[in-house]
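The following paragraphs offer a guided reading of one protein model. The reader is invited to keep the coordinates at hand and to follow each residue in turn.

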Amino acid sequence: MSKISQARIIGIDVSRDWLDIHCLPEGKRARLPNKVEGHEQVAQLALELDALVCFEATGGQEWRLWSTLDIAGIATRQLPPAQIKAFAASRGTRAKTDRIDAELIARFMMFRPDAGRVLPHEKLRLLRALTSKRGQLVETRKRLLAQIKAHGKLGSADMFDAMDAELEDLLDRQIAELEVRIEQAMASNDELATTAGILRSVPGIGPVTSTMLIAEMPELGQLSGEQAAALVGLAPIAHDSGVMRGKRAIGGGRRQLRHVMFQAALVASHHNPVLKIFADRLRAAGKPHKVVITAVARKLVTIANALCKSRLKWTNQAA
């Protein structure tokens with residue numbers, strides 16, 4: 001989260017096959033293959049220019065490049081696509097090509113030198129890969145169960161009973177296998193195991209939530225409570241103009257983590273002795289269910305951040 005010091009920026013639009021490059025302030029452009037040789041050429045260029053390299057999060061297509069640059073000791077930043085899109089809109093940029101995107105990424109980094117995040121440690125990258133795959137399988141199982149329910153309503157469930165049962169059993173076994181691997185990864189590192197113990201001491205934060213917090217939010221414990229809530233996308237955004245006061249809403253942040261925090265908040269609002277009182281007070285004030293759960297989720301994130309900062313486990317006074 002620290003500001004950049006380099007005078008030169010290399011913005012890269014990463015696709016499956018290509019790396020489109022734009023260098024600032026020179027305006028130099030290039031296209032390199034998204035392969036080992038292309039990654040090495042980017043590293044060489046960045047070292048020659050003493051430049052920071054930045055790119056959007058692309059769902060994993062940037063990870064090999066990112067790792068190569070990190071090994072070479074080059075400063076890098078991964079930027080949220082939503083922020084780049086908003087920056088393009090603010091500039092009136094409607095056209096979209098890989099070359100234009102690369103320039104936008106570089107100019108955004110110049111405009112917002114505090115934006116983006118650095119490459120997580122290898123142990124966190126492994127943990128994130130495991131949690132991401134588990135999330136995909138859980139979502140697949142959820143869709144399968146919805147389809148089974150739909151077949152039942154249509155009277156066609158008998159046609160697919162054996163097939164659906166086999167697929168559900170396979171997903172259950174694969175999810176269980178991933179959960180074992182996640183626990184092994186956590187237990188194999190003293191720092192991760194300690195952090196997991198701190199997080200799981202909070203009523204409402206279980207194994208899945210604690211693992212997601214560690215994997216998706218490596219900044220935890222290094223931020224203010226407001227910054228932590230904003231990173232998850234749980235900070236209320238104002239919509240005011242003149243005397244008009246609009247309805248606050250949440251948005252942005254790390255979507256997968258936010259969804260997990262909502263599930264944790266449902267549990268905490270009934271079983272966490274401090275947060276249950278907080279939730280009951282909001283309900284008594286007539287707040288809608290979604291508002292209550294969002295507020296509890298925000299409290300959970302700020303508590304988790306404070307405990308990781310102090311390296312202390314939960315007490316009823318932690319809130």
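A residue is called buried when its relative accessible area is under 20%, exposed when that area is over 50%, and partly exposed in between. With that cut-off, both Glu216 and Arg128 are buried. The model discussed here is a predicted one.

These two residues form a salt bridge, in which the closest N and O atoms are 3.8 Å apart. The pair links distant parts of the chain, since Glu216 belongs to helix H8 (residues 207-216) and Arg128 to helix H5 (residues 122-154), with their positions 88 residues apart in the numbering. How many salt bridges does a search of the whole structure find? The search finds 15.

Other salt bridges are found inside a single helix. In helix H6 (residues 157-187), Asp169 and Arg173 stand four residues apart, about one turn of the helix. Their salt bridge has its closest N and O atoms 3.0 Å apart. Asp169 has a relative accessible area of 40% and is therefore partly exposed; Arg173, at 48%, is likewise counted as partly exposed. In helix H4, the side chains of Arg107 and Glu103 meet in a salt bridge with an N to O distance of 2.9 Å. Arg107 and Glu103 are also four residues apart, about one turn of the helix. Because its relative accessibility is 31%, Arg107 is classed as partly exposed. A further group, made up of Asp20, Arg31 and Asp98, is linked in a network of salt bridges.

Arg107 also takes part in a contact between two helices. Two packed helices are described by the angle between their axes and by the distance between those axes. For helix H3 (residues 81-90) and helix H4 (residues 98-111), the axes come within 10 Å and cross at roughly 90 degrees. Angles from 65 to 115 degrees count as roughly perpendicular, and H3 and H4 are therefore roughly perpendicular to each other. On the H3 side, the residues that meet H4 are Gln83, Ile84, Phe87 and Ala88. Their counterparts in H4 are Leu104, Ile105, Arg107, Phe108 and Phe111. By class, this contact has seven nonpolar residues, one polar and one charged.

The cysteines can be considered next. A disulfide is a covalent bond between the sulfur atoms of two cysteines. How many disulfides does the structure hold? The number is zero. Cys23 is in no disulfide, and the nearest cysteine sulfur, that of Cys54, is 10 Å away. Because its relative accessibility is 1%, Cys23 counts as buried. Cys54 is in no disulfide either, its nearest cysteine sulfur being that of Cys23, at 10 Å. With a relative accessibility of 0%, Cys54 also counts as buried.

The backbone has features of its own. Most residues other than glycine have a negative phi, and most peptide bonds are trans. Leu24 and Pro25, however, are joined by a cis peptide bond, with omega about 10 degrees. Pro25 is placed in the loop between strand S2 (18-24) and strand S3 (29-33). Asp50, a residue other than glycine, has a positive phi near 55 degrees. Its place is the loop between helix H1 (36-49) and strand S4 (51-56), and a relative accessibility of 54% makes Asp50 exposed. Arg311 has a positive phi as well, near 60 degrees. Arg311 lies in the segment after H12 and is partly exposed, with a relative accessible area of 39%.

Helix H12 (residues 289-310) itself contains Asn305. Is Asn305 buried or exposed? Its relative accessible area is 2%, so Asn305 is buried. When neighbours within four places in sequence are left aside, Asn305 is in contact with Leu220, Gly221, Gln222, Leu223, Ser224, Gly225 and Ala228.

One last residue is Ser156, located in the loop between H5 and H6. Although placed in a loop, Ser156 counts as buried, with a relative accessibility of 15%. Ser156 and Glu62 are 94 residues apart in sequence, and their C-alpha atoms are 44 Å apart in space.

Conventions: Residues are numbered from 1 along each chain as its sequence is written. This is a predicted model: local features need pLDDT of at least 70, side-chain atom pairs count only at pLDDT 80 or more; totals for chains, interfaces and linings use all residues. Side-chain values use heavy atoms; hydrogens and water are left out. Axes are lines fitted to C-alpha atoms, for helices over the stretch in contact, and angles run from 0 to 180 degrees between N-to-C directions. Angles under 35 degrees count as roughly parallel, over 145 as roughly antiparallel, 65 to 115 as roughly perpendicular and the rest as oblique. Contact means heavy atoms within 4.5 Å. Ala, Val, Leu, Ile, Met, Phe, Trp, Tyr, Cys and Pro count as nonpolar, Asp, Glu, Lys and Arg as charged, and the others, Gly among them, as polar. A salt bridge is a side-chain nitrogen of Lys or Arg within 4 Å of a carboxyl oxygen of Asp or Glu. Buried means under 20% relative accessible area, exposed over 50%, partly exposed in between (1.4 Å probe, protein chains only). A disulfide is a pair of cysteine sulfur atoms within 2.5 Å.
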